[in-house]
Amino acid sequence: MSLHPTLQPYADAWTHSIEAISELVQPLVEGEWNRRTPCPGWSVRDVVSHVIGMDCEMLGDPRPIHTLPRDLFHVTNEHQRYMEMQVDVRRHHTAPEMTSELEYTVIRRNRQLRNESRDPGHKVRGPLGREITLEEAMRARAFDVWVHEQDLRAALGRPGNLDSPGAHVARDVLLEALPRVVAHDAQAPRSSAIVFDVHGPVEFLRTIRVDIQGRGTLESTPALGPAATLTLDWETYVRLACGRVTPEAVADRVKAEGEPALTGAILRNFAVTP
């Protein structure tokens, strides 16, 4: 195995989730591919199309030349237009076409990972043509595929893998976004601390400290006398952070202590995926 040790956890997480997705969709009949998922505007077919398309881009395949229809109301910005291209081009594919393309893409990506000898810092083409490192790209794929695995599980009534390797990558990715959510987006008071107590298959206690300049930092030490504490289960945390539910829809699963205006602002700004 020539894969750099830094990249191995992301390859393992991607492999675990992509195999779970293949297993979930293999037995589906045609109608089940049209089921709505929690991912706004996307069906089961759309989610799998996105996964295939993004992994084809990791392989260096050219992007499809395709004009999006004008009535896709969930597409509102350039990032979403970029992502929708790989989805819309497959909207009329049959179940066998979908499963065979997924299978073929997974075979190709596994071969690519087996032969991957590039350094984690090697620059590759990311979404919207932005240059990112190979490590960033592989981390993003591990995160993305796990989140979409959860979308499919929700749509198909097959819960599971909330503590898989991809879940732990997702935890780290989502925690990195918390300082901005609390300090910048929710405008938490300066010189304050906000505690997040998450329980379930993935557990953690984290504090966001906002300094006198209004900058937020992530800490693993608990805070005495925090301005607010949010207690919730891991699945709800993911669904909120990935924009799959509104705070109102899961109000019974979130215990918010502190100034209601502050906790409300944090929950309103909690979604961090584009």
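What share of the contacts in the protein with a separation of 6 or more comes from residues 24 or more positions apart? In this predicted model, the figure is 64%. A good deal else can be read off the overall fold before turning to single residues.

The protein is built from 8 helices and 7 strands. Its radius of gyration is 20 Å, close to the 19 Å that the globule rule gives for 274 residues, so the chain is as compact as a globular protein of that length. Measured out along the principal axes, the C-alpha atoms fill a box of roughly 55 × 40 × 35 Å. Buried residues make up 48% of the 274. On the outside, the accessible surface comes to about 13500 Å², and carbon and sulfur atoms account for 52% of that. As for charge, there are 31 positive and 38 negative charges, and their mean positions sit 3 Å apart.

Next comes the inside of the protein. In soluble globular proteins, nonpolar side chains tend to be buried together. Here, the largest nonpolar core has 76 residues. Val25, Met138, Phe196, Trp234, Tyr237, Ile266 and Phe270 have the most contacts inside this core. Helix H5, spanning residues 134-156, gives the most to the core, with 11 residues. Take Val25 as a worked case: setting aside residues up to four places away in sequence, Val25 touches Trp33, Val44, Val48, Thr99, Leu102 and Leu152.

Two polar residues, both in helices, make a handy pair to look at. Asp55 lies in helix H2, which covers residues 44-58. Is Asp55 buried or exposed? With a relative accessible area of 1%, Asp55 is buried, because anything under 20% counts as such. Leaving out neighbours within four places in sequence, the residues in contact with Asp55 are Trp14, Ile18, Thr105, Arg109, Arg141 and Val145. That list takes in two arginines, Arg109 and Arg141, and arginine counts as positive while aspartate counts as negative.

Ser100 belongs to helix H4, residues 95-114. Its relative accessibility is 39%, so Ser100 counts as partly exposed, a class that runs between the 20% limit for buried and the 50% limit for exposed. How far apart in space are Ser100 and Leu68? From C-alpha to C-alpha the distance is 24 Å, with their positions 32 residues apart in sequence.

Terms used:
Residues numbered from 1 in each chain as written. Predicted model: local features only at pLDDT ≥ 70, side-chain atom pairs only at ≥ 80, totals over all residues. Heavy atoms only, no water. Helix = DSSP H or I, 4+ residues; strand = E, 2+ residues; numbered from the N terminus. Rg over C-alpha atoms; globule rule 2.2 N^0.38 Å. Buried < 20%, exposed > 50% of the residue type's maximum accessible area, 1.4 Å probe, protein only. Contact = heavy atoms within 4.5 Å. Areas by Shrake-Rupley, 256 points an atom, 1.4 Å probe, with all protein chains shown as cover. Charge placed at Lys NZ, Arg CZ, Asp CG, Glu CD. Core = buried A, V, L, I, M, F, W, Y, C linked by side-chain atoms within 4.5 Å.
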